[in-house]
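This report introduces a few local features of one structure to a reader who has not met it before. The sequence and the structure come first, and the description follows.

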Amino acid sequence: MDVSVILVNYNTLSLTMSCIDSIFLHTQDIDFEVIVVDNDSHDGSQDILAADSRILFIESGSNLGFGRANNLGMLRAIGKYIFFLNTDTLLFNNALKIFYDFAETCSGHIKLGGIGCQLIDGDHNVTHSYSHFPKVNESFMNEIRDHWRLLTGQKKPRRVNRYKDCPFGFYEVDYVTGADLFVKRSVLDEVGAFDPDFFMYYEETEMQYRWWRKGYKQLIIEGPEIMHLERKSTVNALNISCEMRDLHSRILYFKKTSHPLVYVYYRMMLVLFRLHYIIMPSISLVDKISFFRLILS
């Protein structure tokens, strides 16, 4: 088997089916399988997906989170390459074949880790496709900007990447977004896949940081055409649940990737940057206590 495509479904049946359809519509001249891991959905996904003979369907039994569900799919995958693909994506060309051919051609010249492409959004504009590894001081600047937006009622801007020319057909990045991450199975076996400590957010960043530490390069390549229908909330109010999850994963990321002294500095400064939560009327007392338990733990 050349490629194992792994999708994680959680109450996104319509999106997942559209994604699967696009894979089978456009993929040719390559041996592939599609594995769908369902994270205990409650929208009828199990009955529909289990009856789809095109895919290998796995029920997790509970909501494992993004990384652990992908790891579960890997246990059944038999492909030489693994393609982690979000369910809210659509393929518009033979992307699997393009990724595969590039990886096979470059394997003798580049110590290749993960590869992805310049994703487009629903308006066909380039959207968030890659980024650099987070830094502690940069995180604090984001804290200041987020606090200002909260006070002024501004929406948090979408993460996007400008279109970038590929004069050599590719360019190197720190990490590729987990929406379309193509990697050789041997890399995962050597350095490890998703860290199970992460439930959601920063899991693909931490994983590729480990690959980078081992000398593997992450690349964005030209050729694949993939749309990422990333769903964004239009509500300005602070989403406590998402904020807590993001903060927990961010703390975990810096704990695993930073020097111990840098991590201590980060935790101390984080308390100062979150003190304003105490006086924010939009946050309940229970949520305030939860926030500071997380920060001080």
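## A surface patch, a strand and a helix

On the surface of this predicted model, Leu-272, Leu-275 and Ile-278 make up a nonpolar patch, and together they offer about 280 Å² of accessible area. Of these residues, Ile-278 belongs to the loop that runs between α9 (260-273) and α10 (285-296), and Ile-278 is counted as partly exposed because its relative accessible area is 49%, a value that falls between the limits of 20% for buried and 50% for exposed.

The helix that follows this loop, α10, has 12 residues, which at 1.5 Å a residue should span 16 Å, and the prediction agrees, because the end C-alpha atoms of α10 are 16 Å apart. Buried in α10 are Lys-288, Phe-291, Phe-292, Leu-294 and Ile-295. Seen down the axis of α10, these buried residues fall within an arc of 155 degrees, so they line one face of the helix. The face turned away from that buried side carries Leu-285, Val-286 and Arg-293, which are exposed.

Strand β11 (residues 217-221) is largely enclosed by the rest of the structure, because 4 of its 5 residues are buried. The table sets out two strands that pair with β11.

| Strand | Sense relative to β11 | Bridges to β11 |
|---|---|---|
| β6 (residues 112-117) | parallel | 4 bridges |
| β8 (residues 170-173) | antiparallel | 4 bridges |

Within these pairings, Leu-112 stands opposite Lys-217 in β11, while Phe-170 stands opposite Ile-221 in β11.

How values were computed. Residues numbered from 1 in each chain as written. Predicted model: local features only at pLDDT ≥ 70, side-chain atom pairs only at ≥ 80, totals over all residues. Heavy atoms only, no water. Patch = residues over 30% accessible without salt bridge, like charges linked within 9 Å, V, L, I, M, F, W, Y side chains within 5 Å. Areas by Shrake-Rupley, 256 points an atom, 1.4 Å probe, with all protein chains shown as cover. Salt bridge = Lys/Arg side-chain N within 4 Å of Asp/Glu carboxyl O. Buried < 20%, exposed > 50% of the residue type's maximum accessible area, 1.4 Å probe, protein only. Pairing = 2+ DSSP bridges. Expected span 1.5 Å × (residues − 1). Arc of directions from axis to C-beta.
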